[in-house]
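Please examine the sequence and the three-dimensional structure shown below. The report that accompanies them is written for a reader who is new to protein structure.

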Amino acid sequence: MNSKQLPKVLFVGGKGGVGKSTTSSAIAVALSNAHNKVLLVSTDPAHNLSDIFDVKLKNTTTKINENLNIIEIDSALEAKTYVNHVAKNMRGFVSATSYDRIDDYFTKVADSSSTLEAALFERLTTILTKEADEYDYVIIDTAPTGHTLRLFFMPKELKDWSKTLLSMQERGGMSEKVLGHLEGGDKNRFSDPDGFIRGQLIEVLDERYLRYSAFSNLVKDPKKCGIILVLNASKLAIAETERAIQSLDKKGLKPYAIVLNKVLPTDSEDEFLSSRIAQEAEYVSQSDKMFSRYHYAKIPLFKRDIITKESLEVFGKSVLDSIIE
């Protein structure tokens, strides 16, 4: 297995239940066994990596072996940490009588789906732009298709928003507007004559803008980043994969590879199984015609669950042998 032509960062996505976590884990194991240093990251709220590797994972890096590390991003913890930081900073702008109201507001905000997703994205962009240099490969196990697509579409929106805020800060407009509407204020307390607060905000916004820009550039570079879509031979999975490709195309992106997973054997003496095989064969043929223009792997249904290091290695090597140029 020659992995030299494989993009450094691989996002693994697809419809729920098709085997994304198994595929991403197997690729990570195969690459790490080939003496590459690999980071496997889960952004799926319904984390499966702990079960696959039979180890308790957390929001920080867990070392599986000499070459393989895993992180399961806890979006709820990330969101709580983020909003607590914002709430703490907000206390510097309001009177003490408003502290309870601020805390209540940010407690509610921390549980919102948009905050959870934004917090997860913050952590992921930090990993990819500040920690990825420590590894030869970074494999990202994502949630079902819609979530995966949002990871690619979010950078431009957040980058544009950060740029707008940064521009406002540099003109000094936003600080005055915010400070001018603060409650309970001793004007001198909030006037920030030396520009210290404004300087801090500009620094934060500038760092965020640069990080989002780096992430956006990364996902657009096919030599550095690849998208692997996993599906099963079924009508719904094929349709969802086709829609995902169309959505990516609108953003100027395309999959690096397609993995058709859990393909049944071609014949059986069992009447029921033979019927299922015949039906699936039609979808396999459809998938072949639609997706073989990409790097394309067809992985058979294994006799047993892929939960051992040996089976993960076999699975991962089969995928990589099919999709590496």
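The sections below treat the model, its sheet, three helices, a pocket and some backbone angles.

## The model and its conventions

This is a predicted model, in which local features need pLDDT of at least 70 and side-chain atom pairs count only at pLDDT 80 or more, while totals for chains, interfaces and linings use all residues. Residues are numbered from 1 along each chain as its sequence is written, and side-chain values use heavy atoms, with hydrogens and water left out.

Helices (H or I, at least four residues) and strands (E, at least two) are DSSP runs, numbered from the N terminus. A residue is called buried under 20% relative accessible area, exposed over 50%, and partly exposed in between (1.4 Å probe, protein chains only).

## The sheet

An open sheet of 8 strands has the order 3-4-2-5-1-6-7-8, with mixed pairing. Two strands pair if DSSP finds at least two bridges between them. Strand 3 and strand 8 (295-300) are the edge strands, each pairing on one side only. Elsewhere in the sheet, strand 6 and strand 7 are joined by 5 bridges in the parallel sense, and Leu229 stands opposite Ile258 in strand 7.

Strand 4 (residues 68-72) shows both kinds of pairing. With strand 2 (residues 38-42), strand 4 runs parallel and shares 5 bridges; here Leu40 has Ile70 as its bridge partner. With strand 3 (residues 62-63), strand 4 runs antiparallel and shares 2 bridges; here Lys63 has Asn69 as its bridge partner. Strands 3 and 4 form a hairpin, with 4 residues between them.

How many residues of strand 4 are buried? The count is 5 of 5, and the strand is mostly covered. In a regular strand the side chains alternate between the two faces of the sheet. In strand 4, Leu68, Ile70 and Glu72 point one way, whereas Asn69 and Ile71 point the other way, and all are buried.

## Three helices

Helix 10 (residues 235-250) has 16 residues and should span 22 Å at 1.5 Å a residue; its end C-alpha atoms are 23 Å apart, which agrees. The expected span is 1.5 Å times one less than the number of residues. The buried residues of helix 10 are Ala237, Ile238, Glu240, Thr241, Ala244, Ile245 and Leu248. Seen down the helix axis, these buried residues fall within an arc of 165°, so they line one face of helix 10. The arc is that of the directions from the helix axis to the C-beta atoms. On the other side of helix 10, Lys235, Leu236, Asp249 and Lys250 are exposed. An α-helix has 3.6 residues a turn, so residues three or four places apart point the same way.

For helix 12 (residues 309-323), the 15 residues should span 21 Å, and the end C-alpha atoms are 21 Å apart, which agrees. Its buried residues are Ser311, Leu312, Phe315, Gly316, Val319, Leu320 and Ile323. They fall within an arc of 160° seen down the axis, so they line one face of helix 12. Helix 5 (residues 113-131) has 19 residues and reaches 26 Å from its first C-alpha to its last, close to the 27 Å expected. Among the buried residues of helix 5 are Ala119, Leu120, Phe121 and Leu124.

## The second largest pocket

A pocket, on a 1 Å grid over the protein atoms alone, is an open set of points where a 1.4 Å probe fits, with protein on both sides within 12 Å along at least five of seven lines; lining residues have an atom within 4 Å of a point. The second largest pocket holds about 400 Å³ of space. Of its 19 lining residues, those closest to the centre are Pro222, Cys225, Lys254, Pro255 and Tyr256.

Helix 9 (196-220) and strand 6 (225-232) each supply at least two residues of this lining. The largest share, 3 residues, comes from strand 6.

## Positive phi angles

Most residues other than glycine have a negative phi, and most peptide bonds are trans. His35, which is not a glycine, has a positive phi of about 70°. It is found in the loop between helix 1 (20-33) and strand 2. Is His35 buried or exposed? At 69% relative accessibility, His35 counts as exposed.

Lys262, also a residue other than glycine, has a positive phi near 60°. Lys262 lies in strand 7 (residues 257-263) and is partly exposed, with a relative accessible area of 34%. Gly252, just after helix 10, takes a positive phi of about 75°.

Notes
Points joined across faces, edges and corners; volume = space filled by probe spheres on them.
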